Amino acid sequence: MQIASAYGVDDVGLVGYWKIAGDCRDYSGGEHHGTNHGVHLSESLFDGNEAYIEIPDAPAMQFGKRDFSISADVYTDAALTDVIGDIVTKFDGSARRGLNLTVSESNPGYNSQADTRNVFFGVDDGTTGQWQDCGRPGGGATHISDALTVFDGHLYAGTTDGEKESDWAHVYRYDGNKKWIDCGRLGDGKTRGVYAMIVHDGELYAATTSSHGQQPPEMDAGRVYRYRGEKNWEDLGAPGKNCRVNALATFNGKLYAAAFNINYTSKAEPGHCYVYEGGKTWRECGEFNGWPHSLAVNDGRLYAAYPQGEVYEYDGTSWRNLGNPHRTHEACNQIHSLGVYRGELYEGSWPQGRVAVWRNGQWIDLGQLGDSTEVIGLTVYNGCFYAGTIPRAEVFRFDPGDKWTSVGRLYDPPEFEPAPVGSGAHEVQDWTRASSLAVFDGKLFSSTATCYREMIDPAVSSEARGTVYSYAAGAGLSLDRDLGAGWHSVAAVRRGKTLSIYADGKLAMTRTCDEDPLDVSNAEPLLIGNGPQGPFSGKIREVRLYNRALADSEVLELEKTLPDR
């Protein structure tokens, strides 16, 4: 077979070239042919469920600490009903060694993934990450930051409570070096915080809520707002008359909200799911016997969780009860997080801090995370799956063998021993939540918060609560602006200590690391359209792999060789 030559690009160092236009053969001359696992090759279509291409490991793919480049042409739909997934990966989860080029989608707090197409390029060699203090949104005025959300190249955080009513329900934008810029208060009603935030159809949305046990008429109903820049927010109305709008989701081109009232004297009041109809109109599309806390999207379904400790699945028409993930642990009667890892739906619960996965039509319990009581955030970062917990604001990594490994306690003062579950509100004032996880700037970010979402006794307050932290494992780079729907080319290049991401032939993001290049060699196969995030939902074609760093001009020339779109 003759080596394929791209116009204007020197094919020296071309390890593999998979056109994925009718077959998955290697057109580089290297004979690294792929095995098809359900891809519609004539259409370059990956179904987001089980379809991917597997290329066996070979000596030519052992890049070690040397330079390499990856390029691909990818397509995604405008209205998403699934996690988009991985483009190209070669990653050994046991050693945490290899490379990942993926569409990064975080589940901030209780919210579903956004419908943005942020690109992440990362490498690792089993490194031990470090946490860094990124400051406190609102300074000393608030104890809580929730719903970390990436929008248009920036990281946003919602806050709850404060010393004065004017401090309530603000959103802040991260400006680096522990600095946060106030983006304004959401409305002027009696709503204490922002729990829910998401990017939907290219715009940032956030929702307000009241505190524990406080609801109309003492407090105002939660409302949803759309960001209009600077400190301006457009009021989109209230989804029902609910004190808490706890989660937002984007599903099949529509915006959804989960909302409920908390009444500790009678828990019979149902919770609801609403869909936005435009203006200030919300239509109820689901009612639950309990409080729907979390929303997520996967495999063509919208998921809601918490009512009586159960998970519900929505196909756009009706809801189906998937049951309690922890039936053998009856105490686990609340679900506070949903996330997707390797294409499967995971959930995190209270009060035993356990996680379960929905697999082959049943829930499989994956154990308790340390001494945690609740699992709040679940997201994928640089090839691994992470979870945020209560009471130490401890973050865990999910390792092979169903092992949960602590990667840091964000609240760990000397002699701190968490009060036991059920000991009462006063005794758990010191409990602290890792309240939201998000991938931004090539790193994993976590917010921290009190356990009870209200002002706490200053005598036991800590600067840890309300602070945002970042964590870097390996070397990572992210394009934190939406790539956009339709066809777009993506390239990832490592040149010495420098990582670069290209979009549509142009350099979009670059970073030079302080450390020496990491060894990415491993015996795992190269996967096109699959990996730690999950099977790709869309189309992939024109995948090239080089054992050298492409120049800017070469990436641009590759863009010119792509088929008509």
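A strand here is a DSSP run of E of at least two residues, and a helix is a run of H or I of at least four, each numbered from the N terminus. Counted that way, the chain comes to one helix and 42 strands. Bear in mind that this is a predicted model.

Overall dimensions next. The chain has 565 residues, and a compact globule of that length would have a radius of gyration near 24 Å; the chain has 23 Å, so the two agree. Along the principal axes, the C-alpha atoms fill a box of roughly 75 × 50 × 50 Å. Buried residues account for 63% of the chain, where buried means under 20% relative accessible area.

I will go through two sheets. As a reminder, strands of a sheet pair through backbone hydrogen bonds, either parallel or antiparallel.

One is an open sheet of four strands in the order β22-β23-β24-β25, and the pairing is antiparallel. At its edges are β22, residues 294-298, and β25, residues 319-321, each pairing on one side only. From one strand to the next, the twist averages 25°. Within this sheet, β24, residues 311-314, pairs with β25 over three bridges in the antiparallel sense. Glu 313 stands opposite Arg 320 in β25.

The other is also an open sheet of four strands with antiparallel pairing, and its order is β9-β36-β35-β34. Which strands stand at the edges? They are β9, residues 130-133, and β34, residues 432-440; each has a single partner strand, so one side of each is left without a neighbour in the sheet. The twist in this sheet averages 30° from one strand to the next. Further in, β35, residues 443-450, and β36, residues 468-472, pair over four bridges, again antiparallel. Leu 444 stands opposite Tyr 471 in β36.

That brings me to the second largest pocket. Its volume is about 540 Å³. Which elements give two or more residues to the lining? They are β9 and β36, which we have just met, together with β37, residues 475-479, and β40, residues 506-512. In total, 26 residues line the pocket, and those nearest its centre are Ala 472, Gly 474, Ala 475, Cys 513 and Glu 515. Ala 472 falls within the residue range of β36, and Ala 475 within that of β37.

What is the lining made of, by class? There are seven nonpolar, eleven polar and eight charged residues. Gly counts as polar in that tally.

How values were computed
Residues are numbered from 1 along each chain as its sequence is written. This is a predicted model: local features need pLDDT of at least 70, side-chain atom pairs count only at pLDDT 80 or more; totals for chains, interfaces and linings use all residues. Side-chain values use heavy atoms; hydrogens and water are left out. Two strands pair if DSSP finds at least two bridges between them. Axes are lines fitted to C-alpha atoms, for helices over the stretch in contact, and angles run from 0 to 180 degrees between N-to-C directions. On a 1 Å grid over the protein atoms alone, a cavity is a set of points where a 1.4 Å probe fits but cannot get out, and a pocket is an open set with protein on both sides within 12 Å along at least five of seven lines; lining residues have an atom within 4 Å of a point. Grid points are joined across faces, edges and corners, and a volume is the space filled by probe spheres set on the points. The radius of gyration is taken over C-alpha atoms; the globule rule is 2.2 Å times the number of residues to the power 0.38. Buried means under 20% relative accessible area, exposed over 50%, partly exposed in between (1.4 Å probe, protein chains only).
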